[in-house]
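Colleague: Please take a close look at the aromatic rings in this model, and at how their surroundings are built. I would like the cut-offs stated as you go.

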Amino acid sequence: MQRKHNKDLTSAAKELRKNMTKEERHLWYDFLRSYPVRFYRQKVLGKYIADFYCADAKLVIELDGSQHFEDDSVKYDNERTAFLEQYGLRVIRIPNNEIQDNFYGVCEYIDRFVKKAINN
């Protein structure tokens, strides 16, 4: 992966941590922050900033609002996912409405994924 610490993105990542979306705040404060395996929020990974990252599970979690379903965003997201997958990371994308409508299901899905990734 490109330099893990990309100084050009550090200030942007800090700003994103300060201004998380309500879905990001919900997932972070109500699940990931106290999860037994460490997660980072707004983590710089090469030339991108991941919403959430778990090094132990080699997992990136991206929360997607409606803008991610527009043609330009889909192309950008696919390029970003391909870049991260080159380094053995798995990217899972979760629509914001799933956080709102099925929070516990999302948490169970993440939990199963992390446990499977760590135990393999």
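**Aromatic rings and their surroundings**

Modeller: The charged end of Lys43 sits over the ring of Tyr40, at 5.1 Å from the centre of that ring; the rule asks for NZ of Lys or CZ of Arg within 6 Å of the ring centre and within 35 degrees of the ring normal. Please keep in mind that this is a predicted model, in which local features need pLDDT of at least 70 and side-chain atom pairs count only at pLDDT 80 or more, while totals for chains, interfaces and linings use all residues. Residues are numbered from 1 along each chain as its sequence is written, and side-chain values use heavy atoms, with hydrogens and water left out.

For ring pairs, the rings of Phe, Tyr and Trp (its six-membered ring) must have centres within 6.5 Å, and planes under 30 degrees apart count as stacked, over 60 as edge-to-face and the rest as tilted. By this rule the chain holds eight aromatic pairs. In one of them, the ring centres of Tyr48 and Tyr76 are 6.0 Å apart and the planes stand at 70°, so this pair is edge-to-face. Its partners come from distant parts of the chain, Tyr48 from strand β2 (residues 48–54) and Tyr76 from helix α3 (residues 71–85), with their positions 28 residues apart; here helices (H or I, at least four residues) and strands (E, at least two) are DSSP runs numbered from the N terminus. Tyr48 is buried, with a relative accessible area of 8%, whereas Tyr76, at 41%, is partly exposed; buried means under 20% relative accessible area, exposed over 50% and partly exposed in between, with a 1.4 Å probe and protein chains only. Both tyrosines belong to one aromatic cluster formed by Tyr48, Tyr76, Phe83 and Tyr87.

Phe103 and Tyr104 make another pair, with ring centres 5.7 Å apart and planes at 75°, so they too are edge-to-face. Phe103 counts as buried at 9% relative accessibility, and Tyr104 as exposed at 66%.

Strand β2, which carries Tyr48, also takes part in the cover of helix α1: what covers the buried residues of α1 includes β1 (40–45) and β2, where contact means heavy atoms within 4.5 Å. Those buried residues are Leu9, Thr10 and Ala13, and seen down the axis of α1 they fall within an arc of 120°, so they line one face of the helix; the arc is that of the directions from the helix axis to the C-beta atoms. On the other side of α1, Asp8, Ser11 and Lys18 are exposed.

Two backbone details involve these strands. Gln42 has a positive phi of about 50° although it is not a glycine; Gln42 lies in strand β1 and is buried, with a relative accessible area of 2%. Lys58 likewise has a positive phi of about 50° without being a glycine, but its place is in the loop between β2 and β3 (59–64), and at 48% relative accessible area Lys58 is partly exposed.

As for the setting, the chain has five helices and four strands, in the order α-α-β-β-β-α-β-α-α along the sequence. Buried residues make up 43% of its 120 residues, and residues 24 or more positions apart account for 63% of the contacts with a separation of 6 or more.
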